[in-house]
Structure formats: structure tokens, C-alpha cells
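The following exercises practise the description of a sheet, a helix and a core. Please study the sequence and the structure before reading each solution.

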Amino acid sequence: MGFNCVRLPFSGDICNIDRTVSDGAINFTLNEDLIGKTAIQVLDQIIQYFNQKKIWIILDHHRCYAGDGADGSPIAENYGLNQWKNSWSFMVNRYSNLEFMLGADLHNEPYRLEWETWAAYAEDAANEIHAITPHLLIFVEGVGRYGSSSYW
């Protein structure tokens, strides 16, 4: 189809080896090779496929917990700042050796945060990611408001 890059969303709660796939998330009749796989093993197969096809990958911390839509912050109840950064460490340690791993979108639409807070979070997480994998591009999305102005 001509594209060469994919922004691949993940939820922070996938960053462990035991999390199972949510009921109904996969049609196992069409995807028999995914039967019995954990959520991270399914993601492994997707990422390996993109890498094999020479499609650049940008990992996107889309939500703290699996679900629909944007949650507006990289932290939530029972998912603190350290857990968010640990999720990134888990992901870059797992995938940074792949030839077509391009970057890290630190968090999707952090609209609930003020810029100063988000900038500090982003810089801290980016420094930790680069300590593990210095070649990754870091993507920092903007916040929903700056002062009294809305950017939505």
C-alpha cells in the first residue's frame, strides 16, 4: 500500500508477561496462531511482522489501561509515574534491538495535564528511554490547553 511506518498503540498494563488477551479482542478462528498467547506475545508477533516487512515502528503509550479512547494522562489511579516509566523501560528493552524500531510516542493526547507538568514528565521518561536506547526518536504530543487557550 506504499506506507513505510506504523504508530502502534499499547496500553501500559500490557507490559508484563502474564496479562491475557481480553475476551473478544481476537477472532481465533481467523488467527489460530494466537491461541494461548499472552497479550505481550501477540504484540511480539505484530511487531516482528512489521520489522520483517521493513516497516518502521513507533510505539505509542496510548492509555494506562486497555480500553477505548484517550485517557488524557500517562498516569492514573493505581498506575503512577514510575509505572509509566517502567512500562517504557519494559517496551524498549524488549524491542529496541529490532532494525525497524524508530521511536517512542510518550503518551497519546495528554490533554488533562498542564504543559509544565507534561514537559517535565516527558523529559524524564525520554532520558530513561535514551539511557537504554539512545537511537530512538522521542515524540511528545501537546496538551489540550495552554493558559486560558484551548488547542483542541
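**Exercise 1.** Determine which strands α2 lies across.

*Solution.* Helices (H or I, at least four residues) and strands (E, at least two) are DSSP runs, numbered from the N terminus. α2 lies across β1, β2 and β3. Its direction is at about 160° to β2, where axes are lines fitted to C-alpha atoms, for helices over the stretch in contact (heavy atoms within 4.5 Å), and angles run from 0 to 180 degrees between N-to-C directions.

The model is predicted: local features need pLDDT of at least 70, side-chain atom pairs count only at pLDDT 80 or more, and totals for chains, interfaces and linings use all residues. Residues are numbered from 1 along each chain as its sequence is written, and side-chain values use heavy atoms, with hydrogens and water left out.

**Exercise 2.** State the strand order of the open sheet and identify its edge strands.

*Solution.* Two strands pair if DSSP finds at least two bridges between them. The order of the four strands is β1-β2-β3-β4, with parallel pairing. β1 and β4 (137–139) are the edge strands, as each pairs on one side only. From one strand to the next, the twist averages 25°. Three bridges join β3 to β4; Asp 105 has Phe 139 in β4 as its bridge partner.

**Exercise 3.** Find which element gives the most to the largest nonpolar core.

*Solution.* Such a core is a set of buried (under 20% relative accessible area, 1.4 Å probe, protein chains only) Ala, Val, Leu, Ile, Met, Phe, Trp, Tyr and Cys residues joined through side-chain atoms within 4.5 Å. The largest has 36 residues, and Leu 59 is among those touching the most other members. α1 gives the most, with six residues.

Note on methods:
Buried means under 20% relative accessible area, exposed over 50%, partly exposed in between (1.4 Å probe, protein chains only).
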